[in-house]
Amino acid sequence: MARLVVLGGAESGIGAAVLAKVKGFDVFLSDNGKIREDYAQTLKKWDIPFEEGGHTESLILNADEVVKSPGIPSEAPMVRKLADQGTHIISEIEFAARYDSARKICITGSNGKTTTTTLIHYLLTNAGLNVGLGGNIGKSYAMQVATEHHDYYVLEISSFQLDNCYDFRPDIAIIMNITPDHLDRYDHKMENYVKAKFRITQNLRPEDCFIFDSDDEITIAHLNKIVLQAKMLPFTQKEEVSQGAFIRDESIVVRYEEDETEIYLKELALGGRHNIYNSMAAALAAKASGIDNKVIRDSLKSFQPIEHRLEPVLSIRDVLYINDSKATNVDSAWYALECQTKPVVWIVGGKDKGNDYSVLNNLVKEKVKAIVCLGVDNTKIHDSFESIVGSDRIVDTSSAEEAVKAAAGLASSGDVVLLSPCCASFDLFSSYEDRGRQFKEAVRKL
């Protein structure tokens, strides 16, 4: 019986452990920290041995193969020891795909991937297909493969998950865009991050599809260096394309093979220039999956925004509070600021990932009246924006409740309070979801 060790006891790790148990492995899970109670109960239910609060080398280094949580860096001591002795280390995505014959639509990129993933899932569900949603969102892919059956999967896949994928192959691969993010995990080299994203394309065949943003210079620069066998389907707001999606007059035009359909921009449920790109990518994936044009149009009209992504919370004393906690990098915050039409009190900060805030200077000058810093160390934000908004219009806070109260004090009737942090959440919160929910709770208490 092959021994499989899972490192990390969160969503992906628990799913991988259950799948390994179902497939007859001698499985063991180890987490250096505390395992959440519901996850621990799942392991006990499936009779899977585990440890928390540290790693026991003798129980890990004897593995035939290791499934590593995407949150654990390759420089972690136990991972280094496994790598040094030649143990094969894979991701949950790689492991689950070995036991799954469903068609897979897989989305990566720096920004827009969660919205696009959710939108594609909505389109396929509305078409009556049996489709699972997973990857870096919702229930783990491995858990679904272990305990459910789907004909299709729509998977959001991060660069960290792709790092340990080798044979994994989507039927439709999508790269939304590539902007600087997570550079602390890639030796602060953009090239390494770009290559990680493009791992989603490494096994594509001629019958597969690659959907990509041809307006994104970083994506195109790398695409010009490699050769892909897949059908190439660009989406663009700059020109007409023979196959793919583009803007004509006031409509999105989607061309796939011999078919063409149009969706009026004014009818899209999701507003903002960035969401036009998301809608284009989703429509192309739906067309390539054989979805009827009417279903595509109706779904793009009726889709509801996802939690933590430009999510309106409440309007209090004519001030609108918006939860964009999922904006964990500079480019996401750029989109959030760019689509605001009213003066903004901007809540920003957290665990910096090597951010260059200078690209936001013009938007901050144009849109932002005050800044509320929400982080343990806000020095970089002060250095970047104090000269723009003024030292008296930038304040420090260390909790969601404190930040909301400070923002309310700085806002006037007709303003927007925007939580769009630019940073990871782990200095003060357990996740971006935790940060967003604490923000919403604090707004409700005003």
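In this report a residue is called buried when its relative accessible area is under 20%, exposed when that area is over 50%, and partly exposed in between, with a 1.4 Å probe and protein chains only. The structure is a predicted model, in which local features need pLDDT of at least 70, side-chain atom pairs count only at pLDDT 80 or more, and totals for chains, interfaces and linings use all residues. Residues are numbered from 1 along each chain as its sequence is written, and side-chain values use heavy atoms, with hydrogens and water left out.

**Aromatic rings**

A pair of aromatic rings is described by the distance of the centres and the angle of the planes. Rings of Phe, Tyr and Trp (its six-membered ring) are taken as a pair if their centres lie within 6.5 Å, and planes under 30 degrees apart count as stacked, over 60 as edge-to-face and the rest as tilted. The structure holds 9 aromatic pairs. Among them is the edge-to-face pair of Tyr122 and Phe303, with 5.4 Å from centre to centre and 65° between the planes. This pair links distant parts of the chain, since Tyr122 belongs to helix α6 (residues 113-126) and Phe303 to the loop between α12 (293-302) and β15 (311-316), 181 residues apart. Helices (H or I, at least four residues) and strands (E, at least two) are DSSP runs, numbered from the N terminus. Is Phe303 buried or exposed? Phe303 is buried because its relative accessible area is 4%, whereas Tyr122, at 24%, counts as partly exposed. Elsewhere, Phe25, Phe95 and Tyr99 form one aromatic cluster.

Two rings have a charge over the face, which requires NZ of Lys or CZ of Arg within 6 Å of the ring centre and within 35 degrees of the ring normal. Arg36 lies over the face of Tyr39, at 4.2 Å from the ring centre, and Lys266 lies over the face of Tyr264, at 6.0 Å from the ring centre.

**The crossing of α6 and α11**

Helix α6, which carries Tyr122, also meets helix α11 (residues 273-288), and the two axes come within 9 Å and cross at roughly 40°. Axes are lines fitted to C-alpha atoms, for helices over the stretch in contact, and angles run from 0 to 180 degrees between N-to-C directions. Angles under 35 degrees count as roughly parallel, over 145 as roughly antiparallel, 65 to 115 as roughly perpendicular and the rest as oblique, and α6 and α11 are therefore oblique to each other. With contact meaning heavy atoms within 4.5 Å, the residues of α6 that meet α11 include Thr115, Leu119 and Leu123, and those met in α11 include Asn275, Ala282 and Ala286.

**Individual residues**

Asp26 touches Met1, Ala2, Arg3 and Leu4, not counting residues up to four places away in sequence, and the C-alpha atoms of Asp26 and Val5 are 8.3 Å apart, with their places 21 residues apart in sequence. Thr219 touches Ile175, Asn177, Ile178, Phe198, Phe212 and Asp213, on the same condition about sequence. Arg317 has a positive phi of about 50° although it is not a glycine, and Cys422, likewise not a glycine, has a positive phi of about 70°.

| Residue | Place | Relative accessible area |
|---|---|---|
| Asp26 | strand β2 (residues 26-31) | 30%, partly exposed |
| Thr219 | helix α10 (residues 217-223) | 0%, buried |
| Arg317 | loop between β15 and β16 (319-323) | 63%, exposed |
| Cys422 | loop between β20 (416-419) and α17 (432-444) | 0%, buried |
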